[in-house]
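Biologist: Could you take one part of this protein and go through it closely? Then set it in the rest of the chain, so that I can find my way around the model.

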Amino acid sequence: MDGVQGRAHQGRPGRGEGMTAVLADIEEAMKDVVDPELGINVVDLGLVYGIHVDEENVATLDMTLTSAACPLTDVIEDQTRQALCSGPGGGLVSDIRINWVWLPPWGPDKISDEGRDQLRALGFNV
């Protein structure tokens, strides 16, 4: 899972593919959530620290931001809800919660190789 910690409740009905697959699907869907300032998805930026799905099929995501002063948490929450809770069959999960965490602090070391390539294409030196 590219460094994202994941946990899922084992007793959810209707998910025969296993919890690892569910968490991988959530992580992949989170690549549709784009940091509004940098234009790179939150997974490749390393902003998703953990994913947990409970028995009610509610996903709790431990996430951080590139800066604690970022005023765009609502935009990221809206994009996350759209990516995970909508689509064919109602989405991957029934609802989401984002737990904004600041430790460990985000740093450029958390950016994936793909994220680095995207940033370089935008002219950043990473």
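Modeller: I will start with one hairpin, follow the chain out of it, and end with the surface.

Keep in mind that this is a predicted model. First, the frame. The protein has three helices and four strands. Their order from the N terminus is β-α-β-β-α-β-α. The hairpin is the β-β step in that order, made by β2 and β3.

Take β2, residues 48-53. This strand is mostly covered, with five of its six residues buried. Its partner is β3, residues 58-63, and the two strands run antiparallel, joined by five bridges. One of the residue pairings to look for is valine 53 with alanine 59, its bridge partner in β3.

Now the turn. Four residues separate the two strands of the hairpin. Asparagine 57 sits in this loop between β2 and β3. Check its backbone: phi is positive, at about 65 degrees, although the residue is not a glycine. Is asparagine 57 buried or exposed? Its relative accessibility is 18%. The cut-off for buried is under 20%, so asparagine 57 counts as buried.

Follow the chain on from β3. Threonine 64 belongs to the loop that links β3 to α2. Here the cover is clear: threonine 64 has 1% relative accessibility and is buried. What does threonine 64 touch, apart from its neighbours within four places in sequence? The list is Leu47, Tyr49, Trp100, Val101, Trp102 and Trp106. Tyr49 brings us back to the hairpin, as its number falls in the β2 range of 48-53. Trp100 falls in β4, residues 95-100. Val101 deserves a second look. A polar atom of the threonine 64 side chain lies 2.8 Å from the backbone oxygen of valine 101. That oxygen gives this buried threonine a polar neighbour.

Stay on that side of the contact list and move along the chain. The loop between β4 and α3 holds proline 104. The peptide bond leading into proline 104 from leucine 103 is cis, with omega near -5 degrees. Inspect that bond together with the turn at asparagine 57, where phi is positive.

Next, the charged pairs. Side chains of opposite charge can pair when their charged atoms come close. Searching the whole structure gives four salt bridges. Three are described here, beginning with one that joins two elements. Aspartate 95 and arginine 81 meet through their side chains at 3.1 Å, N to O. Aspartate 95 is in β4 and arginine 81 is in helix α2, residues 73-85, so this salt bridge ties together parts that are 14 residues apart in sequence. Both ends are partly open to the outside. Aspartate 95 has 29% relative accessibility and is partly exposed. Arginine 81 is partly exposed too, at 35%.

Another salt bridge pairs glutamate 28 with lysine 31, at 3.9 Å from N to O. Glutamate 28 is partly exposed, at 48% relative accessible area. Lysine 31 is also partly exposed, at 23%.

Then there is the pair of lysine 110 and aspartate 109, whose side chains form a salt bridge at 3.8 Å, N to O. Lysine 110 is partly exposed at 26%. Aspartate 109 is exposed, with 61% relative accessible area.

Go on to the C-terminal side. α3 covers residues 113-121, and phenylalanine 124 lies in the segment after it. Phenylalanine 124 is partly exposed, at 40% relative accessible area. Together with Leu122 and Val126, Phe124 makes a nonpolar surface patch of about 250 Å².

Last, the whole. Of the 126 residues in the protein, 39% are buried. The exposed area is about 6,700 Å², and carbon and sulfur atoms supply 49% of it. Contacts also reach far along the chain: among those with a separation of 6 or more, 59% join residues 24 or more positions apart.

To retrace the path, begin at β2 and β3 with their five bridges. Pass the positive phi of asparagine 57. Step to buried threonine 64, and cross to the backbone oxygen of valine 101.

Methods. Residues numbered from 1 in each chain as written. Predicted model: local features only at pLDDT ≥ 70, side-chain atom pairs only at ≥ 80, totals over all residues. Heavy atoms only, no water. Buried < 20%, exposed > 50% of the residue type's maximum accessible area, 1.4 Å probe, protein only. Pairing = 2+ DSSP bridges. Polar contact = N/O pair within 3.5 Å; in protein donor to acceptor, adjacent residues only side chain to side chain. Contact = heavy atoms within 4.5 Å. Patch = residues over 30% accessible without salt bridge, like charges linked within 9 Å, V, L, I, M, F, W, Y side chains within 5 Å. Areas by Shrake-Rupley, 256 points an atom, 1.4 Å probe, with all protein chains shown as cover.
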